[in-house]
Amino acid sequence: MAAPHTSLPDLADAKQAMRQRALAAREAWDPVAAGLALKQHVLRGEKPPPGSVVSGFWPIGREIDIRPLLLALHERGHPIVLPVTPKRGNPLSFRLWRPGDVLEPERFGTFRPTGDPAVPDVLLVPLLAFDRRGHRLGYGAGFYDRTLAGLPGHYALGVAYAAQEVPEVPAGPFDVALDAVATDSGVIYCKDDP
């Protein structure tokens, strides 16, 4: 949570400044190599429970490429869902995806599947920056915060480059913390605010 003295405009400015730095830094990283390393860490230590529905996302730009992880989880019997981007102000919905399925283009350069609707048990959450308290900086539309708030008890695993870790992400009252973050260097289990 943001400190009580932090105003919402100050919080928005702090997030935007961090967002710009994170996007610029990400240009130097290798999404494919990092994604393969992340896959190994998840499969070794942070495996979703058997049969659980896992939500992923189709990477855009220089986001870490989690497609190898999605394929491996599918091969292990996990139903995989990808998000459908709603109008601003709404949570994400999810549809089943199988390797080889055609994806339809959406806003923001994303793609959505055409499979049946499903609710994930474990959510792989994209981000621009994260801290060890589980706070994440997203792209600013709030889709994942609304989604996570509406799915209490579901496991939220951020996926990121290790270099996206920062000492502290500016966070407000509507920001929902992650349970853990999987990176190309390992899995970090997040702790609540002291």
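Student: Is Tyr 161 buried or exposed?

Tutor: Tyr 161 is buried, with a relative accessible area of 3%. Keep in mind that this is a predicted model.

Student: How do I read that percentage?

Tutor: Compare it with the cut-off. Buried means under 20% relative accessible area. Tyr 161, at 3%, is therefore buried. Now try Trp 29.

Student: What is the relative accessible area of Trp 29?

Tutor: It is 22%, so Trp 29 counts as partly exposed.

Student: How do the rings of Trp 29 and Tyr 161 sit?

Tutor: Look at two values, centre distance and plane angle. Here the ring centres are 4.9 Å apart and the planes stand at 50 degrees, so this pair is tilted. The two residues come from distant parts of the chain. Trp 29 is in the loop between helix 1 and helix 2 (31-45). Tyr 161 is in the loop between strand 9 and strand 10. In sequence they are 132 residues apart.

Student: How many aromatic pairs are there?

Tutor: The count comes to two.

Student: Which charged residue lies over the face of Trp 58?

Tutor: Arg 67 does, at 5.2 Å from the ring centre.

Student: Now salt bridges. What is the general idea?

Tutor: Side chains of opposite charge can pair when their charged atoms come close. A search of the whole structure finds seven salt bridges.

Student: Which residue meets Lys 15 in a salt bridge?

Tutor: Asp 175, with 2.8 Å from N to O. Lys 15 lies in helix 1 (residues 8-26). Asp 175 lies in the loop between strand 9 (155-160) and strand 10 (180-183). The pair therefore ties together parts that are 160 residues apart in sequence.

Student: Is Lys 15 buried or exposed?

Tutor: Lys 15 is buried, at 15% relative accessible area.

Student: Where does Glu 165 fit in?

Tutor: Glu 165 pairs with Arg 132, and their closest N and O atoms are 2.7 Å apart. This bridge also links distant parts of the chain. Glu 165 sits in the loop between strand 9 and strand 10, and Arg 132 in the loop between strand 7 (129-130) and strand 8 (136-137). They are 33 residues apart. Glu 165 is partly exposed at 30%. Arg 132 is partly exposed too, at 48%.

Student: Which residues are joined into one network by salt bridges that share partners?

Tutor: Glu 104, Glu 106 and Arg 112. Take one link. Glu 106 bridges to Arg 112, with the closest N and O atoms 3.4 Å apart. Glu 106 is buried at 17%, whereas Arg 112 is partly exposed at 24%.

Notes: Residues numbered from 1 in each chain as written. Predicted model: local features only at pLDDT ≥ 70, side-chain atom pairs only at ≥ 80, totals over all residues. Heavy atoms only, no water. Salt bridge = Lys/Arg side-chain N within 4 Å of Asp/Glu carboxyl O. Helix = DSSP H or I, 4+ residues; strand = E, 2+ residues; numbered from the N terminus. Buried < 20%, exposed > 50% of the residue type's maximum accessible area, 1.4 Å probe, protein only. Phe/Tyr/Trp six-rings, centres within 6.5 Å; stacked < 30°, edge-to-face > 60°. Lys NZ or Arg CZ within 6 Å of the ring centre and 35° of its normal.
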